[in-house]
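Let's take a walk through this model, from one spot on a loop to the core and the sheets around it. Keep the structure open beside you as you read.

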Amino acid sequence: MRLMEGRIVLESPAIITQRRVERGFVKPADHIPGSMLRGAILTALFRSGMLSQADLKREAEEPSLLASPAYPVWNSARSAPATPFMFYCRKCGTVIDTTPESTDMLRRDEEPRLPLLHECGEPYKPLYGSLIMGANGKLKGVRVHTFRASSAAIGKDRGSIVREMLFDYEAIAEGTEFWAWILAPDWLHTTRIEVAVGRGQSRGFGWGELRLEPTSQPPQQTQGVFVAFSPLLALQSLQWGGCTVTQMKIFGRTIRQQAGWDYAYGFRPIVQLAGRGSIILAEVSGEAAAMLRVGLPVKVAGSWLTGINALLSVDDYYRVLGD
Ligand SMILES: [Zn+2]
């Protein structure tokens, strides 16, 4: 297997929903979940005849292709989730980052103090979990460009529009670019894949080209502070492919959430997840460097959850934000 970096440019608007806020309206996601990206790649390979039904079944039982979440790219800069130690002053428009000092304190088993007010007197807004990128040596917030689209449900009987089933969606604009890490098994030879993500694919929503390029293997950190590049299953120990992650401490929010987008079974168990951007004190053993970037799959109630548990060392995290 090889670690690849993937780039997707949307050729049509994508309806990727995060959660239902009220009836008929769904909050848009600012990223492509790793499990959705993985499913999109496998579906595309099946559609083009490169994978058989049996291959898909095997992939559901024993995942070999894995994907991290895909986050937006702006002006060729990659974005990533902010840590709990990043803050924004609305008045001055500045981002304050205390991650290096705070993670040093965590390593020494001290409790980091979170700043409350900027020097101008304005209360800080926490950036934790939102997307940031580096620009001219500074950090700034990232938002994907969305617009509101209406979509009618089509009645199965006559192909007619069902009036009371008109949904409003926020769609991510075409032209938006995302980046992700992909763990490519040896059988994957293609580097350009036409994928579709989100809802309304048969009506042309969510299509884009994924390009894969080999990327350098990151140096392995066996112990210390990691940044959660995706949501992280709050389990004491994660094990997969000869690699073990033992979590000692999580600094961040954990929430109970339906995990899923499982392309094979549509099965969505409830799990305890730490949000993206959370800081984790952990020990890692095995040849884990590439696997940590896409996240260790976890079997819950007989089904593999993927696209979670991606971890970066703090140095690696700043390398992503730095270029
Ligand atoms: Zn200020």
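Start with D109, which is exposed because it has 8 other C-beta atoms within 10 Å. For the record, a residue counts as buried if 20 or more other C-beta atoms lie within 10 Å of its own, exposed if 12 or fewer, and partly exposed in between, with C-beta atoms placed from the backbone. You'll find D109 in the loop between α3 (99-107) and β10 (125-126). Its phi is near 65°, a positive value in a residue other than glycine. Helices (H or I, at least four residues) and strands (E, at least two) are DSSP runs, numbered from the N terminus.

A word on what you're looking at: this is a predicted model, where local features need pLDDT of at least 70, side-chain atom pairs count only at pLDDT 80 or more, and totals for chains, interfaces and linings use all residues. Residues are numbered from 1 along each chain as its sequence is written. The pLDDT (the predictor's confidence in each residue, from 0 to 100) averages 88 over the chain, and 88% of the residues score at least 70. Take care with residues 261-265, though: pLDDT stays under 50 there, and the model has 14 contacts beyond four places in sequence for this stretch. Two residues are in contact if their C-beta atoms, placed from the backbone, lie within 7 Å.

Now step back to the whole chain. Its secondary structure comes to five helices and 27 strands, and buried residues make up 38% of the 323 residues. Of the contacts with a separation of 6 or more, 75% are between residues 24 or more positions apart.

N136 is another spot with a positive phi, about 55°, although it is not a glycine. N136 lies in the loop between β11 and β12, and it counts as exposed because it has 6 C-beta neighbours inside 10 Å. The strands on either side of that loop, β11 (residues 131-135) and β12, pair in the antiparallel sense over four bridges; two strands pair if DSSP finds at least two bridges between them. Within that pairing, A135 stands opposite K138 in β12.

Both strands belong to an open sheet of three, in the order β7-β11-β12, with antiparallel pairing. β7 (80-81) and β12 (138-141) stand at the edges with a single partner strand each, so one side of each is left without a neighbour in the sheet. Helix α5 (residues 314-322) lies across β7, β11 and β12, running at about 65° to β11. That angle is between N-to-C directions, on a scale from 0 to 180 degrees, with axes as lines fitted to C-alpha atoms, for helices over the stretch in contact.

Next, the inside. In soluble globular proteins, nonpolar side chains tend to be buried together. Here the largest nonpolar core (buried Ala, Val, Leu, Ile, Met, Phe, Trp, Tyr and Cys residues joined through C-beta atoms within 7 Å) has 82 residues, and those with the most contacts inside it are L37, I41, I132 and V197. Strand β15 (residues 177-184) gives the most to this core, with seven residues. Beyond its neighbours within four places in sequence, L37 is in contact with I32, A67, A70, A180 and V197.

Strand β1 (residues 2-10) pairs antiparallel with β15 over eight bridges, with R2 opposite A184. Seven bridges join β1 to β17 (residues 207-214), again antiparallel.
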